[in-house]
Amino acid sequence: MTATLVKEASRPAAASTDDVRRRPRRRGRIIALLFVLPALLLLGALVVYPVLFSVGRSFFDASGTRFVGGENYAEMFRDPATLKAVRNTAIWVVVAPTLLTGLGLILAVLVEKVRWATAFKLLLFMPMAVSFLAAGIIFRLAYDEDPDKGVLNAAVVSVHDAFTGTSSYPTARARDGQGLTKQPDGAYRTTAALAPGDTVTLGLVGVQPKDLPGGAEPAHAAADRTSGPDELRGVVYLDFTPGGGGEQGRVDRRESGLPEMRVEAVRDGEAVASTTTASDGSFRFDGLSDGSYTLRLPASNFAPPYEGVSWLGPALVTPAIIGAYLWIWTGFAMVLIGAGLSTLPRDALEAARMDGANEWQIFRRITVPLLAPVLTVVFVTLVINVMKVFDLVYIIAPGPVQEDATVLATQMWLVSFGGGNNQGLGSALGVLLLLLVVPAMVFNVRRFRRSQR
């Protein structure tokens, strides 16, 4: 009886002790919830609600008044522009993260051996501080097809002209009925047959006096020279007198010769001799055998100047934009991989060197396998990022090739707000983009949790 009374008396005391212990925990949870509540409300308003609204909106027509079920999703894969956007997005996902991860790995390894490693990292990371809008404008100018504006084409044209040269007379042409006829390949050929001992004048027009090469001299004196019995002499000149006057087909005193013009002597359809005009436009062929010849001004004299590469044309616009993306994000990949590289066990690397392994073997068999978790995180993070790329594509790609460069993010905007005004189809594209991004995000989160454990 006494024991029973003791037990009954002790129960309220034990219960009150448990309540005392639970009360601080409950209070702590409430306080934590109050601190988290603003962030949850903001997350719900800016993320959860738009996602749910977009999913619901994707089942309605363009006006949002008629329920169409999965029609928008079916239309999405019937539209050639959307299929092209899916293809371009796949190219981005495969190419950009792979190149960035590889470049980041190589640079991170090389930076370790550079004396000014911090300054080098800062230099490569600086493009991350540039907004995509500014970077897009920079590369739009850099990719400009006009060599006077686009720095890349200016470099390409300079290298090309250094090795192959360029024509000085792309606009030159012969007057009709003045002894020269144009050939199908763009060359000009004399109509009359010539023989050693003859002198010929070849007049051209279409060249502005200000565009003449430096050092061009008047052609009048050269036209008055006579040929020897075993030579064929002539002059190529600009058949135009500044200020008016002069006679067509005749070399006047103020008319200039055309220097550096290539001339060929042709016999039986084959060029048997060639030369280049002097500063006064004169040329001469020595040692020609007796017979009939014609003179030819090759098409290379009139070839248009090399304009470089059409970086923003339909064929290269996507690789060009990916190049701009690499410029921005290479520093990010390098810094993250470099952080992982700094945690590698140095004793393993030194042991490999002591065993006679060279740097390439150490890199391939030790460094890369140990960095695999970091490389995976960088790669997956970049995959998520490139799926959402919009700014660079929209700014760099010119209007005529916008469709050739479009990705899912730009296609979603164009369909919804850029002229399509079909928010139903645009919402379906947004849902598709979300479904493509979610697996990569889940993979990244799970890997992060495993690494934390």
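**View 1. Val-266 stands opposite Thr-294 in strand 9 of the predicted model.** Val-266 belongs to strand 6, residues 262-267, which pairs with strand 9 in the antiparallel sense over 3 bridges. Strand 9 covers residues 294-297. Thr-294 and Arg-296 point one way from this strand, while Leu-295 and Leu-297 point the other way. In a regular strand, side chains alternate between the two faces of the sheet. The four residues Thr-294, Leu-295, Arg-296 and Leu-297 are all buried. Strand 9 also runs antiparallel to strand 3, residues 188-190, and 2 bridges join these two strands. In that pairing, Tyr-188 is the residue opposite Leu-297.

**View 2. Four strands form an open sheet with mixed pairing.** The strand order is 1-4-5-8. Strand 1 (173-174) and strand 8 (282-286) are the edge strands, and each of them pairs on one side only. Strands of a sheet pair through backbone hydrogen bonds, either parallel or antiparallel. Strand 5, residues 231-238, and strand 8 are antiparallel and share 5 bridges. Val-235 lies opposite Ser-282 of strand 8.

**View 3. Phe-283 and Phe-285 form an edge-to-face ring pair.** The whole structure contains 17 aromatic pairs. For Phe-283 and Phe-285, the ring centres are 5.9 Å apart and the planes stand at 65 degrees; planes over 60 degrees apart count as edge-to-face, so the pair falls in that class. Both rings belong to buried residues: the relative accessible area is 3% for Phe-283 and 2% for Phe-285. Since buried means under 20%, Phe-283 meets the cut-off, and Phe-285 meets it too. The two phenylalanines fall within the residue range of edge strand 8 (282-286).

**View 4. Glu-231, Arg-233, Arg-284 and Asp-286 belong to one salt-bridge network.** Side chains of opposite charge can pair when their charged atoms come close. The side chains of Glu-231 and Arg-233 meet in a salt bridge with an N to O distance of 3.3 Å. Both of these residues are buried. Arg-284 and Asp-286 form another salt bridge through their side chains, at 3.4 Å from N to O. Arg-284 has a relative accessibility of 42% and counts as partly exposed. Asp-286, at 47%, is likewise partly exposed. Salt bridges with shared partners join the four residues. The network thus includes the buried Glu-231 and Arg-233 together with the partly exposed Arg-284 and Asp-286.

**View 5. Glu-71 and Arg-78 are joined by a salt bridge.** Their side chains meet at 2.8 Å, N to O. Glu-71 is partly exposed, with a relative accessible area of 39%. The structure holds 14 salt bridges, this pair being one of them.

**View 6. Five aromatic residues are linked into a cluster by ring pairs.** The members are Trp-92, Phe-132, Tyr-325, Trp-329 and Phe-332. Trp-92 falls within the span of helix 3, residues 80-111.

**View 7. Asn-88 is a buried residue of helix 3.** The helix covers residues 80-111. The relative accessible area of Asn-88 is 1%, which places this residue under the 20% cut-off for buried. Leaving aside residues up to four places away in sequence, Asn-88 touches Thr-318, Glu-403, Asp-404, Ala-405, Thr-406 and Val-407.

**View 8. The protein chain as a whole gives the setting for the close-ups, with 15 helices and 9 strands.** The radius of gyration is 38 Å, well over the 22 Å that the globule rule gives for 453 residues, so the chain is more spread out than a compact globule. Along the principal axes, the C-alpha atoms fill a box of roughly 150 × 75 × 40 Å. Of the 453 residues, 37% count as buried. Among contacts between residues at least 6 apart in sequence, 70% join residues at least 24 apart. The accessible surface comes to about 25,700 Å², and carbon and sulfur atoms account for 62% of this area.

Definitions and conventions
Residues are numbered from 1 along each chain as its sequence is written. This is a predicted model: local features need pLDDT of at least 70, side-chain atom pairs count only at pLDDT 80 or more; totals for chains, interfaces and linings use all residues. Side-chain values use heavy atoms; hydrogens and water are left out. Rings of Phe, Tyr and Trp (its six-membered ring) pair if their centres lie within 6.5 Å; planes under 30 degrees apart count as stacked, over 60 as edge-to-face and the rest as tilted. Buried means under 20% relative accessible area, exposed over 50%, partly exposed in between (1.4 Å probe, protein chains only). Two strands pair if DSSP finds at least two bridges between them. Contact means heavy atoms within 4.5 Å. The radius of gyration is taken over C-alpha atoms; the globule rule is 2.2 Å times the number of residues to the power 0.38. Accessible areas come from the Shrake-Rupley method with a 1.4 Å probe; for residues, only the protein chains shown count as cover.
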